[in-house]
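Trainee: Could we go through the empty spaces and the packing in this model together? I'd like to ask as we go.

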Amino acid sequence: MSSEIQPPQTVLPLALTAFEQLMLADDRRAYPMTFFIQISVTGDLQRAEFESASVAAIRRHPLLCAIVRWRFLKPQWVAASAPIVVEWCKDTLPTPSLEERYLDLRTQPGLRISVSHTRDGSKILFMFHHAATDGIGAIQFIGDVLAEYGIATATTDDERPHLSPVDPKCLLRRGEPWESGKQPPRLLRTWFSRAVEILGVHPSGMLKRSHVPDSQRQGRPLFLTRFLERSDLKAVNKEATRRGVTSNELLAMAMYESLYQWNQHDGRDASKDVFRIGMPASVRTPIHDNCPAANIVSYILLTRRGHEIEDPKSMLNYIASESRQVLNGRETGIILLSIKLACWFPGLLRILTRLPVRLVTTVLANVGEVKRQLRNRFPLRRGKCVAGNVELDCLQGAAPVRPGTHVATSVGKYAGRLIINPNCDPQFFTAEEAEIFTDRFMQNVRQLSCSAKNPAKKLTDSEPTFAVTESESI
């Protein structure tokens with residue numbers, strides 16, 4: 001069964017930003033620019049209250065109930081006439097087929113919601129188009145749904161969630177590369193040197209190991225899920241402190257090692273391969289504090305050759321120094337500026353995204369502390385958010401993949417553990433290979449926590465790998 005949520009009147013129309021136009025141009029049925037977030041709640045989710053909460057939340061986020069129309073060769077967000085549909089299932093959520101993962105923004109808004117309900121708990125699957133929002137904006141929307149639901153279902157004795165304000169007028173500034181007057185010094189020189197650095201090196205792809213039968217491409221999970229439990233997460237954070245880096249920079253090093261090890265399969269020499277990790281970086285500033293869901297994001301691009309990955313200390317120094325140079329030097333806006341320049345020529349973005357050119361080997365996205373990204377204040381029970389008669393048990397999700405970039409991994413912290421979700425291209429990996437790569441990455445992450453617990457010990461391939469305490473896929 002399904003229920004329809006009619007779109008509200010909004011501040012639309014709005015012109016698409018450069019990043020939104022890139023996500024629209026890069027969209028294709030074989031590799032759609034959609035991503036999924038699934039939440040698990042315990043408790044008896046009430047259908048009427050949940051749908052009312054969804055309506056109230058959608059009213060706060062205009063781009064999630066909008067479609068794209070072209071006016072004078074320029075795309076605009078306009079209010080959708082078609083309703084957003086909430087699908088209800090009594091059993092497990094069906095996995096969307098590859099065709100169902102595509103959303104045509106010309107005819108339907110960039111949001112779908114599916115619910116699998118039992119009296120003890122439910123799984124809710126949110127599908128977002130990346131042209132409408134980034135991952136942080138999507139989590140903020142989910143936070144609004146939960147807060148509205150919690151306000152509606154909390155009893156008089158319960159503490160209700162506190163809903164933060166939103167200001168749709170903030171959407172007018174969502175595409176600004178920098179705050180006014182805060183662009184990096186010597187902008188033209190910095191832009192030129194970064195362009196040469198990025199375009200002058202063609203990153204390698206991951207080595208394809210085997211043919212994927214057509215029968216394996218359908219019915220594959222949207223992403224895999226692994227958990228780094230509290231003790232191991234504390235150990236990784238301790239190791240990051242000891243080395244003077246962030247835990248996210250350690251994760252980037254573990255990803256580099258995983259890519260290198262993958263391409264060394266069957267004795268192949270990967271020392272001359274070039275690996276580039278794209279790390280989404282929020283460019284939100286205080287002016288966006290009350291902004292509805294939107295794309296306010298850029299990228300940090302980190303490039304290393306295979307032989308450089310063999311020196312972990314040098315690798316980590318590069319990752320840390322380069323990341324901080326981009327962030328502290330306010331260089332994240334340079335990529336947005338480059339996309340904006342391409343938008344001056346109608347159709348150029350679509351041509352560029354169809355070229356057989358790979359910009360990154362893989363994507364590694366870290367949303368940080370999930371409770372903070374939910375934005376609203378929730379009562380807590382055992383470190384988990386309480387929304388009326390339900391408790392948020394887990395939130396999982398992953399970024400989309402594109403041709404040539406076959407893995408996009410998203411991580412986030414919730415209730416004391418790190419949730420790691422690799423989205424492995426089902427047209428590139430077999431199901432077994434996706435598990436192998438995910439476990440290899442987890443082994444490299446685990447080695448970091450072992451280093452913190454026992455600095456004198458160094459894991460080798462001959463030693464047993466760790467056992468993941470909990471894993472699942474959807």
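Trainee: How do the residues lining the second largest pocket divide into nonpolar, polar and charged?

Mentor: Bear in mind that this is a predicted model, where local features need pLDDT of at least 70, side-chain atom pairs count only at pLDDT 80 or more, and totals for chains, interfaces and linings use all residues. Residues are numbered from 1 along each chain as its sequence is written, and side-chain values use heavy atoms, leaving out hydrogens and water. For the classes, Ala, Val, Leu, Ile, Met, Phe, Trp, Tyr, Cys and Pro count as nonpolar, Asp, Glu, Lys and Arg as charged, and the others, Gly among them, as polar. The lining of the second largest pocket then splits into 27 nonpolar, 7 polar and 10 charged.

Trainee: Which helix gives the largest share of that pocket's lining?

Mentor: A pocket here is an open set of points on a 1 Å grid over the protein atoms alone, with protein on both sides within 12 Å along at least five of seven lines, and lining residues have an atom within 4 Å of a point. This one is lined by 44 residues, with L16, Q21, L24, P75 and C343 nearest its centre. Helices (H or I, at least four residues) and strands (E, at least two) are DSSP runs numbered from the N terminus. The largest share, 5 residues, comes from helix 1.

Trainee: Is helix 1 largely enclosed or open, and how many of its residues are buried?

Mentor: Buried means under 20% relative accessible area, exposed over 50%, and partly exposed in between (1.4 Å probe, protein chains only). Among the buried ones are F19, Q21 and L24. Helix 1 is largely enclosed by the rest of the structure, because the buried count is 8 of the 8 residues.

Trainee: What about closed spaces: how much space lies in the largest cavity?

Mentor: A cavity is a set of grid points where a 1.4 Å probe fits but cannot get out. Points are joined across faces, edges and corners, and a volume is the space filled by probe spheres set on them. The structure holds 2 cavities of 30 Å³ or more, and the largest cavity has about 210 Å³.

Trainee: Which strand gives the most to its lining?

Mentor: By class, the lining of the largest cavity has 13 nonpolar, 3 polar and 2 charged residues. The top contributor, with 3 residues, is strand 3.

Trainee: And how many charged residues line the second largest cavity?

Mentor: That cavity holds about 130 Å³ of space. R194, E197, E322 and E331 are among the residues lining it. Its lining has 7 nonpolar and 1 polar, and the charged count is 4.

Trainee: Which helix supplies the largest share of the largest nonpolar core?

Mentor: A nonpolar core is a set of buried Ala, Val, Leu, Ile, Met, Phe, Trp, Tyr and Cys residues joined through side-chain atoms within 4.5 Å. The largest one has 72 residues, and I37, I39, F50, W77, F128 and F141 touch the most other members. Its largest share, 8 residues, comes from helix 3.

Trainee: Why is C424 not bonded to C394?

Mentor: A disulfide is a pair of cysteine sulfur atoms within 2.5 Å, and the count by this rule is 0. C424 is buried, with a relative accessible area of 8%. Its closest cysteine sulfur is in C394, and that is too far for a bond because the distance is 18 Å.
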